[in-house]
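Welcome! Let's take a friendly walk through one helix and its surroundings. Have a look at the model first.

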Amino acid sequence: MTEQEAGLRARLVAVGVDLVTREGAQALSLREIARRAGVSHGAPRRYFPTHLELLSAIAHEGFAELGAEVADELRGGQGPGDGEEPGSGDDDPRAQLAALARIYVDFALSHRGMYELMFRHDLLESNSLGLRETSLPLFNSFVDLVSRVRPDVRAPDVAGALWANLHGIAQLWGWGSLQLATGADAVEPLVRAALDAHLGPEAR
């Protein structure tokens with residue numbers, strides 16, 4: 001692929017990311033992405049033979065952004081070459097799990113279109129660009145921290161249940177269902193309750 005072709009491919013993906021952010025996953029047609037990128041409606045097919053491949057490339061950007069936020073938190077907020085200016089600065093695995101849970105739910109609520117796209121079953125099943133494998137480092141971070149908080153359990157099971165719980169909280173909060181059912185005016189208490197349910201109450 002030439003530099004020009006790589007640039008056009010990247011532009012199509014960037015336009016798709018912007019479109020899903022502004023208008024949601026339902027707006028991601030090949031024709032609309034091509035129009036906004038300023039190319040012919042057939043141009044995306046040169047780089048993405050199927051619609052799923054283009055959607056997967058866009059979703060891959062979402063996983064990359066979420067993964068970078070998680071990695072930054074696990075580093076303590078220190079990027080490459082940073083000085084001693086930590087983020088949470090907390091090596092306690094329970095505190096790190098709480099931080100990761102907040103990051104996950106916050107991402108879901110602030111990137112609703114992208115989040116919906118990232119977990120579309122057809123994209124994950126097709127596994128274009130290795131989307132399933134792309135999501136594994138995030139899950140493995142949860143597993144590692146759960147194993148340190150709860151060495152008495154099978155960590156992948158508890159991490160999976162916690163992930164599913166956070167996913168459900170994000171979805172139901174985004175739809176307004178949890179606010180109606182619980183009377184809650186903030187999502188944070190629900191995230192804490194999920195952590196307590198799977199990890200046990202936090203030591204005071």
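## What covers helix α9

The buried residues of α9 are covered by partners that include α5 (93-110), α6 (112-118), α8 (131-149), α10 (177-182) and α11. Here, helices are DSSP runs (H or I, at least four residues), numbered from the N terminus; contact means heavy atoms within 4.5 Å; and buried means under 20% relative accessible area, with a 1.4 Å probe and protein chains only.

This is a predicted model, where local features need pLDDT of at least 70 and side-chain atom pairs count only at pLDDT 80 or more, while totals for chains, interfaces and linings use all residues. Residues are numbered from 1 along each chain as its sequence is written, and side-chain values use heavy atoms, leaving out hydrogens and water.

## One face of α9

Which residues of α9 are buried? They are Ala-155, Val-158, Ala-159, Leu-162, Trp-163, Leu-166, Ile-169, Ala-170 and Trp-173. Seen down the axis of α9, these fall within an arc of 135° (taken from the directions from the helix axis to the C-beta atoms), so they line one face of the helix. An α-helix has 3.6 residues a turn, so residues three or four places apart point the same way.

Just after α9, Gly-176 takes a positive phi of about 85°.

## Two neighbours to find

Leaving out residues up to four places away in sequence, Phe-142 touches Leu-97, Leu-100, Ala-101, Ala-159, Leu-162 and Leu-166.

Now find Leu-199 in helix α11 (residues 188-199). Leu-199 counts as buried because its relative accessibility is 6%. Beyond its neighbours within four places in sequence, Leu-199 has contacts that include Val-149 and Val-158. The C-alpha atoms of Leu-199 and Val-149 are separated by 7.2 Å, although these residues are 50 residues apart along the chain.

Conventions
Helix = DSSP H or I, 4+ residues; strand = E, 2+ residues; numbered from the N terminus. Buried < 20%, exposed > 50% of the residue type's maximum accessible area, 1.4 Å probe, protein only.
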